[in-house]
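Colleague: Could you take me through one part of this model in detail, keeping to what can be computed from the atoms?

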Amino acid sequence: MAILVTGLRLWLGIIAVIAFGNSSQCYLKGEFVHQRLYTQTKEATLLQARTFGTWTLLASVIRIYCAFDIYNISLYMVTFWSFIIVLVHFLAECYTYRTASFTPGIIAPLIVSSLSAVWMILAYSSIAYETEIKDKLN
């Protein structure tokens, strides 16, 4: 189980760095959001690009903190829910609002958020167990 947790920590760190890069793109290239994500609408403004960049930056910070402090259960759950929110958001944009289509810019976050959420579910019991052991020793 240790390899599952170690791998998850590395994965979260990598995903955090990638999210930071995506966030930067939203600030530096306002058209990035329209060209890569919301391809089915003209409503993606520069303000929305910066808002999306801020949201992505926040997710990046949460994930990097979780990678460093994976045994913090509250932080772990916030990180887990950040992936669920991303998954629901992009599925809603594709199916409900129809502002996005299944381009690589949408497929990548769907795969990453799904894989990450499943991985976090699988690693949770090991992390919770180790946290409980540490709490009993203190």
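Modeller: What follows is a close look at one helix and its surroundings, in a model that is predicted.

Helix α4 runs over residues 73-95, and its 23 residues reach 33 Å from the first C-alpha to the last, close to the 33 Å expected at 1.5 Å a residue. At the N-terminal end, α4 is capped by Asn72, which places a side-chain oxygen 3.2 Å from the backbone nitrogen of Ser74. Buried residues of α4 include Leu75, Tyr76, Phe80, Phe83, Val86, Leu87 and Phe90, and among them are also Thr79, Ser82 and Glu93. The cover over the buried residues of α4 includes α1, α3 (46-68) and α5.

Ser113, a residue of helix α5, shows one such meeting in detail, since beyond its neighbours within four places in sequence it is in contact with Phe83, Val86 and Leu87. Ser113 counts as buried because its relative accessibility is 2%, under the 20% cut-off. The side chain of Ser113 also reaches the backbone oxygen of Leu110, at 3.2 Å.

Two of the covering helices, α1 and α5, also pack against each other, at an angle of about 145 degrees and with their axes 10 Å apart, and their crossing is left-handed. On the α1 side the contact includes Leu4, Leu8, Trp11 and Ile15, while on the α5 side Val112, Leu115, Trp119 and Ile127 are among the residues met. The residues of this contact divide into 12 nonpolar and 3 polar, with no charged residue.

Terms used: Residues numbered from 1 in each chain as written. Predicted model: local features only at pLDDT ≥ 70, side-chain atom pairs only at ≥ 80, totals over all residues. Heavy atoms only, no water. Axes fitted to C-alpha atoms, helices over the stretch in contact; angles between N-to-C directions. Helix = DSSP H or I, 4+ residues; strand = E, 2+ residues; numbered from the N terminus. Left-handed = near helix turned anticlockwise from the far one by under 90°. Contact = heavy atoms within 4.5 Å. Nonpolar A, V, L, I, M, F, W, Y, C, P; charged D, E, K, R; others polar. Buried < 20%, exposed > 50% of the residue type's maximum accessible area, 1.4 Å probe, protein only. Polar contact = N/O pair within 3.5 Å; in protein donor to acceptor, adjacent residues only side chain to side chain. Expected span 1.5 Å × (residues − 1).
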